[in-house]
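Open the model in your viewer and keep the selection box at hand. The stops below say what to select next and what is there.

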Amino acid sequence: MQGAGKAAQSRDAARPLQLTMKRGYEVLRDPHLNKGMAFTLEERQQLNIHGLLPPCFLGQDVQVFSILKNFERLTSDLDRYILLMSLQDRNEKLFYKVLTSDIERFMPIVYTPTVGLACQQYGLAFRRPRGLFITIHDRGHIATMLKSWPENVIKAIVVTDGERILGLGDLGCYGMGIPVGKLALYTACGGVKPHECLPVMLDVGTDNEALLKDPLYIGLRHKRIRGQAYDDLLDEFMEAVTSRYGMNCLIQFEDFANANAFRLLHKYRNKYCTFNDDIQGTASVAVAGLLAALRITKNRLSDHTVLFQGAGEAALGIANLIVMAMEKEGVSKEAAVKRIWMVDSKGLIVKGRASLTAEKTRFAHEHAEMKNLEDIVKDIKPSVLIGVAAIGGAFTKEILQGMAAFNKRPIIFALSNPTSKAECTAEQCYKYTEGRGIFASGSPFDPVTLPNGKTLYPGQGNNSYVFPGVALGVTACGLKHISEDVFLTTAEVIAEQVSEENLQEGRLYPPLVTIQHVSLKIAVRIAEEAYRNNTASTYPQPKDLEAFIQSQIYSTDYNSFVADSYTWPEEAMKVKL
């Protein structure tokens with residue numbers, strides 16, 4: 001008997017045991033538990049699912065192969081998105097195993113640029129609800145709604161109100177695709193456990209007339225409610241979340257309109273564990289690209305003049321982080337601000353111009369008013385040109401040639417998403433700067449072969465280099481508030497991971513295939529600084545931070561459901577008559 005017990009123990013020693021009280025169809029319909037035909041005969045019998053599956057036993061690698069064959073059979077990216085989301089609804093471990101098997105291939109499907117199309121078509125793509133839908137009419141009852149969510153431990157939330165989805169504008173409730181996609185990358189890129197993540201849509205209506213008339217629209221059919229009622233909803237949401245899941249629960253704000261994004265960030269940042277990815281995540285990844293580019297230009301960030309096409313959340317977030325990075329080089333804040341210029345929909349932002357917000361006024365300098373971007377580029381003569389206004393083709397041939405005329409190595413970042421909104425393509429940048437342009441984009445572009453035969457691989461400044469590692473680090477050490485220093489630290493870590501070989505190939509970011517390694521490095525650095533500054537709340541401090549954080553990372557390998565059975569000594573088991 002003891003020998004049999006040892007055999008059972010060694011048989012499943014390689015796979016961690018998972019206990020569940022569910023049986024039968026409940027197991028197969030739970031994506032956290034379902035393994036499909038990877039359940040062993042013993043597991044099928046013990047979980048009462050024997051006979052509910054075909055009499056076939058598949059390894060996880062064969063299941064991945066099957067998904068890949070189905071993926072390749074499809075011709076449209078939207079269909080591929082639906083295939084992967086359906087897999088996520090059915091078998092969570094397999095979904096993440098597929099994603100991590102080739103992150104470079106699948107990230108553009110589950111996130112930008114395909115997620116933008118999926119959000120526009122969300123009524124068609126909608127199969128099964130994911131996350132929590134909270135509306136303006138639920139005020140006073142959000143705490144009760146959170147109790148509907150089956151998981152008691154939530155460490156990270158991504159929340160949107162759908163007003164500014166990527167560069168696509170107000171998509172209302174269709175914007176739920178963004179928190180869902182974002183949290184999928186928390187797990188695939190950062191290893192944050194998916195059952196500890198919660199996507200949330202705050203539906204306050206939509207001002208998009210087309211959606212209000214769309215019979216497939218899944219949200220509230222009225223204009224957006226603003227003002228005090230909106231603020232009350234947000235306040236109640238933040239209080240309800242932290243009351244249920246604790247003050248350390250990370251709340252990431254995503255795709256809120258400019259007017260609300262900065263306001264809410266300033267309101268909540270010192271009270272809750274929160275950040276805004278459009279402002280701070282975009283800033284971090286852009287500054288990471290600039291820090292890597294400095295290894296090509298061989299100078300300091302404070303030697304550059306930066307011109308932004310766009311003055312919204314992303315532009316202002318990047319500009320503020322550039323100022324911090326320049327200050328770290330020893331330059332005064334005032335001198336750093338003077339190196340940064342911005343262009344919005346009304347032209348160059350200058351002192352005395354009407355209707356400037358407080359955030360924009362910081363970067364308004366003494367200069368004549370100008371409207372045309374080409375003329376502004378010729379006049380300001382920037383060494384860095386950053387596009388974040390979602391105006392496709394804004395960087396014309398003349399502008400790119402101009403940048404090349406007064407810079408040996410012009411830095412050109414076309415960061416707007418999706419691809420249709422990019423200010424220029426990688427090919428246009430390299431062509432019109434005679435291959436001297438240092439390029440990065442928000443959406444992926446194919447490699448470009450120059451006339452001399454050299455092939456360049458344009459860097460994609462994707463926020464997924466930032467938020468998964470930040471989330472992993474913040475949740476691992478229990479950081480209560482997320483300061484700007486976290487995002488500058490993250491930018492520095494990302495830039496450090498770019499090799500000289502990467503730079504030679506035109507890459508300003510580490511290859512996506514290394515993103516899990518990069519996220520771990522970011523998390524460890526954030527945790528180290530948190531413990532050094534006494535801002536961590538997870539105590540005692542682990543002796544080996546990297547090993548501790550590594551132990552928190554989600555495994556995509558299947559668990560074993562075989563009962564933890566063992567025997568007692570014969571004497572102890574004797575039946576007394």
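## First stop: a buried leucine

Select Leu294, which counts as buried at 11% relative accessibility. Buried means under 20% relative accessible area, exposed means over 50%, and partly exposed lies in between, with a 1.4 Å probe and protein chains only. Accessible areas come from the Shrake-Rupley method with a 1.4 Å probe, and for residues only the protein chains shown count as cover. Leu294 sits in helix α15, residues 277-297. Helices (H or I, at least four residues) and strands (E, at least two) are DSSP runs, numbered from the N terminus. Now add Leu265: the two leucines are 29 residues apart in sequence and 30 Å apart in space, C-alpha to C-alpha.

Before moving on, note that this is a predicted model, where local features need pLDDT of at least 70, side-chain atom pairs count only at pLDDT 80 or more, and totals for chains, interfaces and linings use all residues. Residues are numbered from 1 along each chain as its sequence is written, and side-chain values use heavy atoms, with hydrogens and water left out.

## Zoom out: the whole chain

Show the full chain. It has 27 helices and 14 strands. Its C-alpha atoms fill a box of roughly 105 × 55 × 50 Å along the principal axes. The radius of gyration is 26 Å, which agrees with the value near 25 Å for a compact globule of 577 residues. That radius is taken over C-alpha atoms, and the globule rule is 2.2 Å times the number of residues to the power 0.38. Of the 577 residues, 57% count as buried.

## Strand β4 and its partners

Select residues 250-253, strand β4. Which residues cover its two faces? Leu250 and Gln252 lie on one side, Ile251 and Phe253 on the other, and all are buried.

Add β2, residues 156-160: four bridges join it to β4, and the two run parallel. Two strands pair if DSSP finds at least two bridges between them. Val159 stands opposite Phe253.

Next add β5, residues 274-276, which runs parallel to β4 with three bridges between them. Here Asn276 is the bridge partner of Phe253. Follow the chain from β4 through helix α14 (residues 258-268) to β5: this β-α-β crossover is right-handed. Right-handed means that, with the strands pointing away from the viewer, the path from the first strand over the helix to the second runs clockwise.

## The seven-stranded sheet

Move to an open sheet with the strand order β8-β7-β6-β9-β10-β11-β14 and mixed pairing. At its edges stand β8 (347-348) and β14 (459-460), each with a single partner strand, so one side of each is left without a neighbour in the sheet.

Select β10 (411-414) and β11 (438-441), which run parallel and are joined by four bridges. Ile411 faces Ile438, and Ile412 stands opposite Phe439. Both faces of β11 are covered, with Ile438 and Ala440 buried on one side and Phe439 and Ser441 buried on the other. With helix α21 (residues 426-432) between them, β10 and β11 make a right-handed β-α-β unit. On to β14: its pairing with β11 is parallel, over two bridges. Ser441 stands opposite Gln460 there.

## A covered helix

Select α22, residues 467-477: 11 of its 11 residues are buried. Among them are Phe467, Val470, Leu472 and Cys477. Gly478 follows the helix with a positive phi near 70 degrees.

## Backbone oddities

Most residues other than glycine have a negative phi, and most peptide bonds are trans. The next selections depart from that.

- Thr112 and Pro113 are joined by a cis peptide bond, omega about 5 degrees. Pro113 lies in the loop between α7 (103-110) and α8 (114-120).
- Tyr539 and Pro540 are also joined by a cis bond, omega about 0 degrees. Pro540 is in the loop between α25 (515-532) and α26.
- Glu434 has a positive phi of about 55 degrees. This residue is in the loop between α21 and β11 and is exposed, at 63% relative accessible area.
- Asn534 has a positive phi of about 60 degrees. This residue lies in the loop between α25 and α26 and is exposed, at 62%.
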